[in-house]
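This report describes the surroundings of one threonine, the nonpolar cores and the confidence of the model.

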Amino acid sequence: MQQFDYEDPYNQLYGDDKQLDKTTFDAQMGFVKKVYSILSVQLLVTTFICAISMVSDAFLSFQINNIWLFYFLIVIQIGIMYTLVCSPHQARTVPNNYILLFAFTLCESYIVSVICGLTDPKIVFSAVFLTVGMFLGLTIYAMNTKTDFTMMGGFLFAFVSVMIFASIILMFIHSQIAHMIYCILGVMLMSLYIIYDTQLMMVMKTDRVFLVV
């Protein structure tokens, strides 16, 4: 796999015919770190609310007895998503974007915490905790590794296709080992996607030019 030099990525891959603007590149790195810092905070908030649902019987009872709030927040969450996607102006206007993002995070956190209450909260909380750890670790790796993962788009698409067909087959195969293998492969796939998407945010590569996105 090709080595990736973040200090001078263009020259690393294409030579000295063009120079990448260092100031722009540094600004892009700052943007990536800001985005992933926000995502990390969102995951931590979700973990915290799930923990409350797991340890507080009163809070869990409130969630179960007011299940309408769960469905209501799903509708609100979808509305916020459409607002952010369909209204780029709102998504780029401070403080509107932060208010919408904060509201989305609270909705998502409560929804996940309800799932903790309706299933086994320890299992769900463990999954959230592991997700936070994996997300932070892979983000740090993607920002510091010199290995270029941006050429793996085709492989990842094929991987997803295989996983989709495998999930259909597993609906008719009741094998704990097969399901465990499928889960492990799913974690590997999502891990690669975190690294892949992080590097795509950092630089967008075409046939001859490095574009800062």
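A polar contact is a pair of N or O atoms within 3.5 Å; within protein, one atom must be able to donate a hydrogen and the other to accept it, and residues adjacent in sequence count only if both atoms are side-chain atoms. The model is predicted: local features need pLDDT (the predictor's confidence in each residue, from 0 to 100) of at least 70, side-chain atom pairs count only at pLDDT 80 or more, and totals for chains, interfaces and linings use all residues. Residues are numbered from 1 along each chain as its sequence is written, and side-chain values use heavy atoms, without hydrogens and water.

Thr46 lies in helix α2, residues 22-55 (helices are DSSP runs of H or I, at least four residues, numbered from the N terminus). Its side chain takes part in the pairs below.

| Partner of the Thr46 side chain | Distance |
|---|---|
| Gln42, backbone oxygen | 2.9 Å |
| Ser109, side chain | 3.1 Å |

Thr46 has a relative accessible area of 10% and is therefore buried (under 20%, 1.4 Å probe, protein chains only).

The largest nonpolar core (buried Ala, Val, Leu, Ile, Met, Phe, Trp, Tyr and Cys residues joined through side-chain atoms within 4.5 Å) has 15 residues, of which Tyr36, Leu156, Leu189 and Ile195 touch the most other members. At least two residues each come from α2, α7 (121-144), α8 (153-170) and α9 (176-202). A second, separate core of seven residues includes Leu73, Cys107, Tyr110 and Ile111.

The chain averages a pLDDT of 75, and 79% of the residues score at least 70.

Note on methods
Buried means under 20% relative accessible area, exposed over 50%, partly exposed in between (1.4 Å probe, protein chains only).
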